[in-house]
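Hello,

Here is the structure I promised to pass on to you. My notes on what turned up in it follow below.

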Amino acid sequence: MDCVCEIVEALVALAALVFIVVLILAHVTGGMVNLTRHKKEKYFLTPTGEKEPFPSLHDPHSRDLSVVIPAYNEELRMPVMLDEATEYLENRQKKESSFTYEVIVVDDGSKDKTTEVALQYSRKYGSDKVRVLTLVNNRGKGGAVRMGTLSSRGKFILMADADGATKFCDIEKVEAGLNGLDPKPENMAISCGSRAHMEDVSVAQRSMFRTFLMYGFHFLVWFFCVRGIKDTQCGFKLFTREAALKTFSCLHVERWAFDVELLYIAQCFKIPIAEVAVNWTEIEGSKLVPFWSWLQMGRDLVFIRLRYLTGAWKLQSHKSD
């Protein structure tokens, strides 16, 4: 019996030691994110090849809707999505003469012709409607979305993936979800597209290992960061300008788990969040590497909570340059 007690005590001590080490590691590695822009990232090209400076999210809005599309090596998949999005937006503008929009494609340091493909749409529709922000270095999806959002002019800002997995017309669903939130303190609200209604079908099509990773990730999200949102990772989210400024200005995580930190920040600020079912189709060519990407996201989830807990990260705006 004494031997069992000693083993239990040793395991408890070891667990406490591991927790302290992880806590210290999370704190000392929780540096501030670098929002300084390279001089090339401060401008977009007009169809005539002239450089014009991007506006700031801190400025008053001058468009009804901004669509921010993060893109990394998406020269092949992105045209389908952009065709669908611009067709919808142009038709909506014809029906609603007062409706104005912009699309911001953020090339996240691609090695292919993502920027060149996006610039074709800028030349077709004009740089007032389609702008391309080319990042000098790869920041990760979260970093790309943030840089595009901080450069947007919309009263509402939609984050949409370049692969077109979500039908763009489903923006009407997330808009309805946003409009259904009441009250909106300081006009802050977020509406998240969700694939949670498709989970049973997804599980039936996946291997047991991938299903285990998915449920493990959901548990970590719930345990450490966000509760009440079934699908934090759907890349189709609509923000009021005020909510975008509040959340993206505090964002630290730049890779796959950035959605979770965004929603964690929103819940800390008590920003209302709607979750709306959207159509979603898995598109070939995903940048997610099943095991390693989930492992990285799991680590980030733990570190998000611990870094805010220890004060390494604070809920305050960071100034961008």
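The residues that line the largest cavity are Met-81, Ala-160, Asp-161, Asp-163, Gly-164, Ala-165, Thr-166, Gly-235 and Phe-236. Its volume is about 60 Å³, and the count of cavities of 30 Å³ or more comes to 1. Please keep in mind that this is a predicted model.

For the overall picture, the chain has 10 helices and 9 strands. Of its 321 residues, 49% are buried. The chain exposes about 16,100 Å², with carbon and sulfur atoms supplying 58% of that area. If you look at contacts with a separation of 6 or more, 82% of them in the chain join residues 24 or more positions apart.

Now to the cores. The largest nonpolar core has 46 residues, and those with the most contacts inside it are Ile-190, Cys-225, Val-226, Leu-301 and Ile-304. Two or more residues come from each of strand S4 (101-107), helix H4 (141-149), strands S6 and S7, helix H7 (208-225), helix H8 (241-248), helix H9 (258-268) and helix H10 (290-310). Helix H9 gives the most to this core, with 7 residues. To see how one of these residues is placed, take Cys-225: beyond its neighbours within four places in sequence, Cys-225 is in contact with Leu-220, Val-260, Tyr-264, Gln-267, Leu-301 and Ile-304. Another core, of 35 residues, lies apart from the largest one and has Ala-71, Tyr-101, Ala-189 and Cys-234 among its members.

Two helices are worth opening in your viewer. Helix H4 is mostly covered, as 9 of its 9 residues are buried. Those residues are Lys-141, Gly-142, Gly-143, Ala-144, Val-145, Arg-146, Met-147, Gly-148 and Thr-149, so the buried set includes a lysine and an arginine. The cover over H4 includes S3, S4, strand S5 (130-134), S6, H8 and H9.Helix H5 (residues 171-179) has Ile-171, Val-174, Glu-175, Gly-177 and Leu-178 as its buried residues. Seen down the axis of H5, these residues fall within an arc of 160°, so they line one face of the helix. An α-helix has 3.6 residues a turn, so residues three or four places apart point the same way. Among the elements covering the buried residues of H5 are strand S3 (63-71), helix H2 (78-95), strand S6 (154-160), strand S7 (190-194), strand S8 (236-240) and strand S9 (273-277).

A few single residues also caught my eye, starting with two prolines. Is Pro-272 buried or exposed? With a relative accessibility of 17%, Pro-272 counts as buried, because the cut-off for buried is under 20%. Pro-272 sits in the loop between H9 and S9. Its C-alpha atom is 6.7 Å from that of Leu-181, although the two residues are 91 apart along the chain. Setting aside neighbours within four places in sequence, Pro-272 is in contact with Leu-181, Pro-183, Pro-185, Met-188, Ala-189 and Ile-190.

One of those partners, Pro-183, belongs to the loop between H5 and S7. The peptide bond leading into Pro-183 from Asp-182 is cis, with omega near 5°.

Next, the backbone angles. Which residue in the loop between S3 and H2 is worth a look? That is Asn-73, which has a positive phi of about 55° although it is not a glycine. Asn-73 counts as partly exposed, at 26% relative accessibility. Lys-270 has a positive phi too, near 60°, and is likewise a residue other than glycine. Lys-270 lies in the loop between H9 and S9, and its relative accessibility of 67% makes it exposed.

Last comes a glycine within a helix. Gly-216 is found in helix H7 and is partly exposed, with a relative accessible area of 29%. From C-alpha to C-alpha, Gly-216 and Gly-298 are 8.6 Å apart in space, while 82 residues separate them in sequence.

Happy browsing, and best wishes

Key: Residues are numbered from 1 along each chain as its sequence is written. This is a predicted model: local features need pLDDT of at least 70, side-chain atom pairs count only at pLDDT 80 or more; totals for chains, interfaces and linings use all residues. Side-chain values use heavy atoms; hydrogens and water are left out. Helices (H or I, at least four residues) and strands (E, at least two) are DSSP runs, numbered from the N terminus. Buried means under 20% relative accessible area, exposed over 50%, partly exposed in between (1.4 Å probe, protein chains only). Contact means heavy atoms within 4.5 Å. Accessible areas come from the Shrake-Rupley method with a 1.4 Å probe; for residues, only the protein chains shown count as cover. The arc is that of the directions from the helix axis to the C-beta atoms. A nonpolar core is a set of buried Ala, Val, Leu, Ile, Met, Phe, Trp, Tyr and Cys residues joined through side-chain atoms within 4.5 Å. On a 1 Å grid over the protein atoms alone, a cavity is a set of points where a 1.4 Å probe fits but cannot get out, and a pocket is an open set with protein on both sides within 12 Å along at least five of seven lines; lining residues have an atom within 4 Å of a point. Grid points are joined across faces, edges and corners, and a volume is the space filled by probe spheres set on the points.
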